[in-house]
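User: Please take a close look at the salt bridges in this model. I would like the individual pairs and their surroundings first, and then the helix packing as context.

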Amino acid sequence: MVSKELRFDGKVVVVTGAGAGLGRAYALLFASRGASVIVNDLGGGRDGTGKGSKAADAVVDEIKKSGGIAIADYNSVVDGDKIIKTALDKFGRVDIVINNAGILRDKTFARISDSDWDLVHNVHLKGSFKTSQAAWPIFRKQNYGRIIVTSSNSGLYGNFGQANYSAAKMGLVGLCNTMAIEGGKYNIHCNVIVPTAASRLTQDILPPDLYQELKPELIAPVVMWLCHEDCTENGAIIESAAGWATKYSLVRGPGTILRHSINDIVTPEDVKNRWNDVTNIEKTEQLSSIQEATASLLEHLDKMRNPANSPTNDSNQEIYKHHITAKDCILYSLSIGASVTNESDLKYLYENSETFSVFPTFAIIPGQMAIFSSSMLENAIPGKSVDLVNVLHGEQYLEMFKTMPTDGAVTNSCRLLDVIDKGRNAIILIGVDTFDENGEKICFGQMSVVVVGAGGFGGKRKSEKTIDPIDPPKRSPDAVVEQITSQDQAALYRLNGDSNPLHIDSMFASMGGFTRPILHGLCSLGFSARHVLNTFGNNNPANFKALKCRFSKPVYPGENLKTEMWRQGNRIFFQTSAQSGIVISGAYVDLNEVVFDNNSISTPAINESTKLGSDVIFETMLSKIKSTPEIIKKINGVFQYNVSADDGTVKVWTCDFKNGDVYEGDPKSGTKVDTYLSVNDKDLIEMALGKLNPQAAFMKGKLKIKGNIMLTQKLKDIMSSGAKY
């Protein structure tokens with residue numbers, strides 16, 4: 001594609017240090033594109049000594065021979081106002097200032113004299129300041145101006161023997177940043193060029209073969225574009241060399257809070273303990289202004305003022321970072337039986353899926369790794385050491401406050417909650433709070449670790465901090481899902497971070513009393529949680545709220561896992577069986593919303609014969625529309641209510657306010673439902689009595705509505721039944 005030629009007709013360009021090298025290349029290119037050029041050059045040596053007119057005159061002659069317009073200027077850049085006056089006297093305006101002049105006085109830091117320092121800073125930093133400042137009022141008046149300042153890799157990175165030069169070149173970056181901010185509203189743009197080019201400053205510094213390739217003519221087009229009126233870049237740092245260019249940006253890492261309460265102090269030990277987090281730049285962020293930096297600081301201060309949801313300095317806790325990648329998320333999902341054969345699992349297995357997510361129980365993994373990286377287990381039981389061969393996962397609780405990230409760092413705050421003496425065995429209870437990069441709590445996990453043979457130390461028999469498992473209802477399950485594990489299931493699952501030899505090493509397993517390596521309890525749990533979420537939660541990770549389970553018996557890789565499920569409201573009780581019997585017991589998953597998978601759950605969960613308290617509401621509705629038929633025309637809609645009770649009963653009521661009928665059961669054939677409502681029996685009664693505002697119920701998640709939500713506002717009068725309960 002051929003682009004329209006960039007022209008500078010009518011524009012006046014000032015180029016300092018234009019007698020050779022980069023400056024000459026800039027001057028020639030701008031003149032060839034129609035600009036009038038002031039070729040400034042003092043004519044001295046690269047150390048700043050001497051002066052003369054020969055260099056500038058030669059470039060002016062070259063431009064004129066090619067049909068361009070140019071005049072020479074021999075002033076020092078420290079007298080930048082004189083250079084700008086030359087432009088005004090000759091052309092009556094100035095549009096672009098390219099600060100290119102420079103000198104070198106290289107000496108090691110210890111040997112730099114005041115003169116060496118001042119001369120370099122005068123030419124590079126002060127010269128750019130004085131020349132740009134002289135043009136500034138003209139730019140403001142004409143509402144247009146472009147400024148280039150020249151930095152260097154020595155400024156960005158430092159360089160041996162160039163402390164004076166490096167400091168001046170980095171100073172130019174700061175100067176440009178401020179000019180870009182102050183000039184932006186006047187259409188004055190200032191940018192930094194970081195060139196590496198063959199010039200009189202580098203001719204005996206760069207290797208000969210590299211020197212030949214670093215043609216200034218390859219950088220000049222980059223500078224020209226930055227100066228064109230169509231270029232919107234402002235405050236950019238652009239490096240260019242040998243026909244290559246890139247943009248620099250100042251970035252920072254996520255950092256860490258050194259004190260977690262506004263009333264805390266920071267000790268040198270706090271800094272030492274968190275130094276890895278301070279210096280971690282695996283993931284960075286770019287701030288565009290000092291205002292953004294200040295806002296970020298205020299956010300951290302707010303976390304210190306409100307430390308409830310942030311890691312604390314509690315001496316009873318240990319803090320660990322864990323970085324999550326898309327590959328981690330996919331590996332975990334594969335290891336708990338997710339498959340591409342289930343279309344809804346693709347969001348857990350393909351990083352480019354529009355809804356790419358991590359399965360909720362993955363949230364246990366970072367906390368588990370943090371626990372086993374800490375010294376909590378080793379020192380938890382008084383007078384006894386903990387041997388890994390004797391450690392079993394007893395129970396697990398997980399509560400989600402937001403979905404896990406699929407990429408990024410999380411912080412795990414682990415604390416020892418209690419140690420329980422069960423006689424023969426000991427139980428170590430550990431809590432883990434997991435936070436995202438913004439300090440927001442993602443989840444809370446409670447792990448119960450059984451240490452076989454470590455009891456009898458005279459400790460307490462129970463703990464009030466334990467979250468107890470709950471047995472399922474004593475009736476037939478509402479849904480059953482079975483899935484066979486692979487012989488390699490444990491070998492695959494251990495790649496998530498639990499490398500306990502118990503799950504891969506036959507000799508180690510035999511030491512623990514097992515005939516062969518066993519499957520991780522959390523792997524079996526992952527299978528079961530998938531079955532529950534897929535059956536009752538539309539396989540939507542946002543529906544997952546909490547989980548509790550007890551690991552009862554071991555599972556061997558290759559065995560069939562059978563998950564039986566019972567629904568009571570938004571709580572799904574489940575137990576999982578394998579060849580040895582029930583392997584996960586006392587378990588439940590709390591969902592934010594129940595969405596049935598009709599392929600997995602059958603009608604026994606819907607019991608229309610059971611009488612619910614809210615039945616009278618629908619009976620009253622029917623009576624009302626019979627006695628006041630005008631209500632039908634006022635509402636003119638069809639509603640389906642799915643009413644649940646705490647014992648798991650679900651009843652369906654159809655309110656047909658188009659044909660004047662209210663009846664128990666699904667809509668009749670040919671009846672189109674406008675709005676679906678799901679609500680608990682008790683909450684529906686509270687709404688009918690006026691004790692629960694329907695809008696508040698909807699906001700709190702007690703009332704779920706799908707379809708025409710606005711139509712429900714017309715139910716107000718008919719819902720006020722006046723019935724007594």
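Analyst: Arginine 7 pairs with glutamate 5 in a salt bridge whose closest N and O atoms lie 3.2 Å apart. The model is a predicted one. Side chains of opposite charge can pair when their charged atoms come close. Both partners of this pair are partly exposed: arginine 7 has a relative accessible area of 34%, and glutamate 5 has one of 45%. Each value falls in the partly exposed class because that class lies between the 20% and 50% limits.

The pair is also part of a larger arrangement, since salt bridges with shared partners join Glu5, Arg7, Asp9 and Arg33 into one network. Over the whole structure, a search finds 26 salt bridges.

A second salt bridge is formed by the side chains of lysine 460 and aspartate 418, at 3.0 Å from N to O. This pair links distant parts of the chain, its residues being 42 apart. Lysine 460 sits in the loop between β15 (441-451) and β16 (479-484), while aspartate 418 belongs to strand β13 (residues 408-421). The two ends differ in burial class: lysine 460 is partly exposed, with a relative accessible area of 38%, whereas aspartate 418 is buried, at 10%. Aspartate 418 is classed as buried because its 10% is under the 20% limit.

The third pair is lysine 441 with aspartate 433, whose side chains meet in a salt bridge at 3.3 Å, N to O. Aspartate 433 counts as buried, with a relative accessibility of 9%.

For the chain as a whole, the protein has 23 helices and 25 strands. Of its 725 residues, 49% count as buried. Among contacts between residues at least 6 apart in sequence, 72% join residues at least 24 apart.

Next, the helix packing. Helix α1 (residues 21-32) and helix α2 (residues 54-65) have axes that come within 10 Å and cross at roughly 25°. That angle makes α1 roughly parallel to α2, and the crossing of α1 past α2 is right-handed. On the α1 side the contact involves Arg24, Ala27, Leu28 and Ala31, which meet Val59, Glu62 and Ile63 of α2. By class, the contact has 5 nonpolar, no polar and 2 charged residues.

Helix α3 (residues 80-91) packs against helix α4 (residues 114-142) at an angle of about 45°, and their axes are 7 Å apart. The two helices are therefore oblique to each other. Here too α3 passes α4 in a right-handed crossing. From α3 the contact takes Gly80, Asp81, Ile83, Ile84 and Leu88, and from α4 it takes Lys130, Thr131, Ala134, Ala135 and Ile138. These residues divide into 6 nonpolar, 2 polar and 2 charged.

One further site concerns methionine 687, located in helix α21 (residues 681-688). Methionine 687 counts as buried at 10% relative accessibility. Leaving aside residues up to four places away in sequence, methionine 687 touches Val679, Leu692, Pro694, Ala697 and Leu703. Of these, alanine 697 is 10 residues from methionine 687 along the chain, and their C-alpha atoms are separated by 8.5 Å.

Terms used. Residues are numbered from 1 along each chain as its sequence is written. This is a predicted model: local features need pLDDT of at least 70, side-chain atom pairs count only at pLDDT 80 or more; totals for chains, interfaces and linings use all residues. Side-chain values use heavy atoms; hydrogens and water are left out. Axes are lines fitted to C-alpha atoms, for helices over the stretch in contact, and angles run from 0 to 180 degrees between N-to-C directions. Helices (H or I, at least four residues) and strands (E, at least two) are DSSP runs, numbered from the N terminus. Angles under 35 degrees count as roughly parallel, over 145 as roughly antiparallel, 65 to 115 as roughly perpendicular and the rest as oblique. A crossing is left-handed if the near helix is turned anticlockwise from the far one by less than a right angle, and right-handed if clockwise. Contact means heavy atoms within 4.5 Å. Ala, Val, Leu, Ile, Met, Phe, Trp, Tyr, Cys and Pro count as nonpolar, Asp, Glu, Lys and Arg as charged, and the others, Gly among them, as polar. A salt bridge is a side-chain nitrogen of Lys or Arg within 4 Å of a carboxyl oxygen of Asp or Glu. Buried means under 20% relative accessible area, exposed over 50%, partly exposed in between (1.4 Å probe, protein chains only).
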